[in-house]
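Reader: I should like to learn how the features of a structural model are read. Might we take them one at a time?

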Amino acid sequence: MQRTILLSTAAAALALGLAAPAVAQTATAPRTVSITNPVPLTAETYRLPNGLNVVLSRDTSVPVVAVNLWYHVGSGNEVAGRTGFAHLFEHIMFQGSAHVPSGQHIGLLQAAGASVN
């Protein structure tokens, strides 16, 4: 499925880094950003057999590839009395596996050019 999406003012403000950070906000006047020529974006969406949702937005103007992984898990998905599991699993996820030795996951990603936070 292919959809054309126009970049909204709010999305443009976030993309340009004009939105205020979520932490330690101080009382300031609201900032208004006007977009005179919205950038048309196309996006193709797919759902793979394993349940993974893929959103593909092609831009052939530069030879760059960006990959983002988003996991729909976290404190918002936890039930009362059973919290902290998402954070725990986040750390366990990078401790190694049957295919990646302990402590080498992030190094392999960075060696391939990834930026991790």
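Reader: What share of the residues of the protein chain count as buried?

Author: A residue counts as buried when its relative accessible area is under 20%. In this predicted model, 7% of the 117 residues of the protein chain meet that criterion.

Reader: In which order do the elements of the protein chain run from the N terminus on?

Author: The order is β-α-β-β-α-α, and the chain has three helices and three strands.

Reader: Which elements have the lowest and the highest mean pLDDT?

Author: The pLDDT expresses the predictor's confidence in each residue. Strand 1 (residues 2–6) has the lowest mean among the elements, 39, and strand 3 has the highest, 92. Over residues 1–20 the pLDDT stays under 50, although the model has 31 contacts beyond four places in sequence for that stretch. For the protein chain the mean is 76, with 78% of residues at 70 or more.

Reader: In what sense do strand 2 and strand 3 pair?

Author: They pair in the antiparallel sense, over four bridges. Arg 47 stands opposite Asn 53 in strand 3. Five residues lie between the two strands of this hairpin, in which Gly 51 takes a positive phi near 95°.

Reader: How is empty space found, and what volume does the largest pocket have?

Author: A probe the size of a water molecule, rolled over the atoms, shows where empty space is left. Here the largest pocket has a volume of about 1200 Å³. It is lined by 26 residues, of which Val 55, Leu 56, Ser 57, Ala 66 and Asn 68 are the closest to its centre. Strand 2 (40–47) and strand 3 (53–56) are the elements that give two or more residues to this lining. By class, the lining has 17 nonpolar, seven polar and two charged residues.

Reader: Which residues are the closest to the centre of the second largest pocket?

Author: The second largest pocket has a volume of about 920 Å³. Of its 23 lining residues, Leu 69, Tyr 71, Met 93, Phe 94 and Asn 117 are the closest to the centre.

Reader: Which element supplies the largest share of that lining?

Author: Helix 2 does, with six residues of the lining of the second largest pocket. Helix 2 (85–93) and helix 3 (105–111) each supply at least two. The lining of this pocket divides into 14 nonpolar residues, eight polar and one charged.

Reader: Among contacts between residues at least 6 apart in sequence, what percentage join residues at least 24 apart?

Author: In the protein chain the value is 39%.

Terms used: Residues numbered from 1 in each chain as written. Predicted model: local features only at pLDDT ≥ 70, side-chain atom pairs only at ≥ 80, totals over all residues. Heavy atoms only, no water. 1 Å grid on protein atoms, 1.4 Å probe; cavity = no way out; pocket = protein on both sides within 12 Å on 5 of 7 lines; lining within 4 Å. Points joined across faces, edges and corners; volume = space filled by probe spheres on them. Nonpolar A, V, L, I, M, F, W, Y, C, P; charged D, E, K, R; others polar. pLDDT = per-residue confidence, 0-100. Contact = heavy atoms within 4.5 Å. Pairing = 2+ DSSP bridges. Buried < 20%, exposed > 50% of the residue type's maximum accessible area, 1.4 Å probe, protein only.
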